[in-house]
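Welcome, and thanks for opening the viewer. Let's take a walk through this chain together, one selection at a time.

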Amino acid sequence: MPRNTVANTDSLEFDEPSLANELFGPGNMNLDILSRASGAAITSRGTTLVIESPDAGVRKDLCNVFLQLYALVRQGIVLNHNDLARSWEMVRNDPGLNLGQIFREAVFVQTPRKTVTARNVAQKNYLDALRANELVFAVGPAGTGKTYLAVAMAISMLQQRRIKKIVLTRPAVEAGERLGFLPGDLAEKVNPYLRPLYDALYDMTPQPKVASMLEGGIIEIAPLAFMRGRTLNDAFIILDEAQNTTQEQMKMFLTRMGFGSRMVVTGDITQIDLPSYPGEAGTRSGLVHALGILKGVKGLGVHRFSKADVVRHPLVGSIVSAYDEAEKEGRLR
């Protein structure tokens with residue numbers, strides 16, 4: 001498609017009216033989404049797209065986004081509002097990014113309930129690390145997709161029969177007397193700590209199917225203490241909230257890996273809830289300790305997310321920004 005530049009305006013001419021209309025969206029809705037995201041004025045005249053902005057870099061990146069999205073629409077890929085916004089964010093951060101590769105190759109779980117794709121460059125790199133390494137440490141704040149994408153990859157490998165079992169675990173860090181007040185046996189007491197793992201499974205796989213796999217032992221969700229003394233072959237094992245493991249627990253977990261297995265260890269080292277004891281020096285976190293001593297080990301990958309990689313509903317982002325601004329101005333007292 002030809003691109004023309006006049007003063008602070010770039011224009012693109014698309015060759016198929018039906019595809020151009022699909023790209024622009026009903027009432028130019030998609031153009032409005034990208035206009036708000038980029039700050040540029042974006043309009044259409046028939047099959048011609050017009051981008052106005054004093055920033056030549058913004059215009060160039062928007063042209064890049066629209067040309068790549070048009071190619072995806074031509075291939076029959078259906079784009080939603082979130083796809084548009086995150087496409088702009090990804091290309092703005094990495095102008096050489098191939099959106100087609102992300103939308104086509106990063107889709108690795110497709111069920112009647114959910115199709116999972118990378119939502120930003122960091123998530124794409126994380127998926128690449130999960131594919132390339134038998135052991136991956138994923139470190140970063142909540143909301144970056146560390147556990148969610150690992151669960152999706154596990155389901156995908158199970159569907160492909162590359163593994164025979166999924167094991168999901170996390171430590172239950174809680175004062176013993178408070179845990180003791182919860183009803184039921186030990187498994188029932190720690191169940192609330194494992195709820196985020198259940199939520200990820202149910203979001204991608206119909207609940208009856210998950211229940212069947214849990215009953216048949218194909219999926220196992222258990223507290224970290226239940227891993228001791230086991231060797232897990234042909235399994236995809238995920239340790240969530242690993243910042244709350246002790247050094248001894250982390251060593252125990254990592255040595256559970258058997259032949260044909262993969263492990264993913266996720267955590268946020270800024271949210272360590274381990275109790276501290278008088279006279280202790282430094283942190284007791286097994287995650288922090290492992291990241292330090294396992295540098296350079298072959299077959300191991302470390303992926304670090306930042307706050308910029310948090311995937312939020314647009315309204316949540318606006319709410320957080322409003323609170324941050326109020327805190328700076330001292331209005332939260």
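Two residues are in contact when heavy atoms of theirs lie within 4.5 Å. In this predicted model, among contacts between residues at least 6 apart in sequence, 68% join residues at least 24 apart.

**The whole chain**

Start with a cartoon view, coloured by secondary structure: you should find 13 helices and twelve strands. Switch to a surface next; about 17,300 Å² is exposed, and carbon and sulfur atoms supply 51% of that area. Of the 333 residues, 46% count as buried.

**Helix H3 and its ends**

Now select helix H3, residues 56-74. With 19 residues at 1.5 Å each, H3 should span 27 Å, and its end C-alpha atoms are indeed 27 Å apart. Go to the N-terminal end and show Asp 55 as sticks: a side-chain oxygen of Asp 55 lies 2.8 Å from the backbone nitrogen of Gly 57, capping the helix. At the other side, just after H3, look for Gly 76, which has a positive phi of about 90 degrees.

**A salt bridge from H3 to H4**

Which residue forms a salt bridge with Asp 61? Select Arg 92: the closest N and O atoms of this pair are 2.7 Å apart. The link joins distant parts of the chain, since Arg 92 sits in helix H4 (residues 81-93) and Asp 61 in H3, 31 residues apart. The two ends differ in cover: Asp 61 is buried, because its relative accessible area of 7% falls under the 20% cut-off. Arg 92, at 34%, counts as partly exposed.

**More charged pairs**

The structure holds eleven salt bridges, so there are others to visit. Show Asp 15, Glu 16 and Arg 74 together to see a network of salt bridges. Then move to helix H6 (residues 121-132), where Asp 128 and Arg 131 are three residues apart, about one helical turn. Their side chains meet in a salt bridge, 3.6 Å from N to O. Asp 128 is partly exposed at 32% relative accessible area, and Arg 131 is partly exposed at 34%.

**Asp 240 and its surroundings**

Next, centre on Asp 240, in the loop between E10 and H11. Is Asp 240 buried or exposed? Its relative accessibility is 6%, so Asp 240 counts as buried. Asp 240 forms a salt bridge with Arg 170, the closest N and O atoms being 3.9 Å apart. This pair, too, links distant parts of the chain: Arg 170 belongs to strand E8 (residues 165-170), 70 residues from Asp 240. Both partners are buried. Add Thr 266 to the view, and you will find a polar contact of 2.8 Å between its side chain and that of Asp 240. To fill in the surroundings, select residues touching Asp 240 beyond four places in sequence; they include Thr 147, Thr 169, Pro 171 and Leu 197.

**Helix H7**

From Thr 147 you can step straight into helix H7, residues 146-159. H7 has 14 residues and reaches 20 Å from its first C-alpha to its last, close to the 20 Å expected at 1.5 Å a residue. Colour H7 by accessibility and it turns out mostly covered, with twelve of its 14 residues buried. Among the buried ones are Lys 146, Thr 147, Leu 149, Met 153 and Leu 158. Just after H7, check Arg 161, whose phi is positive at about 60 degrees.

**The nonpolar cores**

In soluble globular proteins, nonpolar side chains tend to be buried together. Here the largest nonpolar core has 67 residues, of which Phe 14, Ile 42, Leu 49, Phe 66 and Tyr 126 touch the most other members. A separate core of 21 residues lies apart from it, with Phe 137, Leu 224, Met 252 and Ala 290 among its members.

Zoom in on Leu 49 to see its contacts beyond four places in sequence, including Ser 11, Phe 14, Leu 31, Ile 42 and Phe 66. Follow the trail to Ser 11, found in strand E2 (residues 9-13). Ser 11 is buried, with a relative accessible area of 17%. For a last stop, draw a distance between the C-alpha atoms of Ser 11 and Cys 63: these residues are 52 apart along the chain, yet the atoms are separated by 8.1 Å.

Definitions and conventions
Residues are numbered from 1 along each chain as its sequence is written. This is a predicted model: local features need pLDDT of at least 70, side-chain atom pairs count only at pLDDT 80 or more; totals for chains, interfaces and linings use all residues. Side-chain values use heavy atoms; hydrogens and water are left out. A salt bridge is a side-chain nitrogen of Lys or Arg within 4 Å of a carboxyl oxygen of Asp or Glu. Helices (H or I, at least four residues) and strands (E, at least two) are DSSP runs, numbered from the N terminus. Buried means under 20% relative accessible area, exposed over 50%, partly exposed in between (1.4 Å probe, protein chains only). A polar contact is a pair of N or O atoms within 3.5 Å; within protein, one must be able to donate a hydrogen and the other to accept it, and residues adjacent in sequence count only if both atoms are side-chain atoms. Accessible areas come from the Shrake-Rupley method with a 1.4 Å probe; for residues, only the protein chains shown count as cover. The expected span of a helix is 1.5 Å times one less than its number of residues. A nonpolar core is a set of buried Ala, Val, Leu, Ile, Met, Phe, Trp, Tyr and Cys residues joined through side-chain atoms within 4.5 Å.
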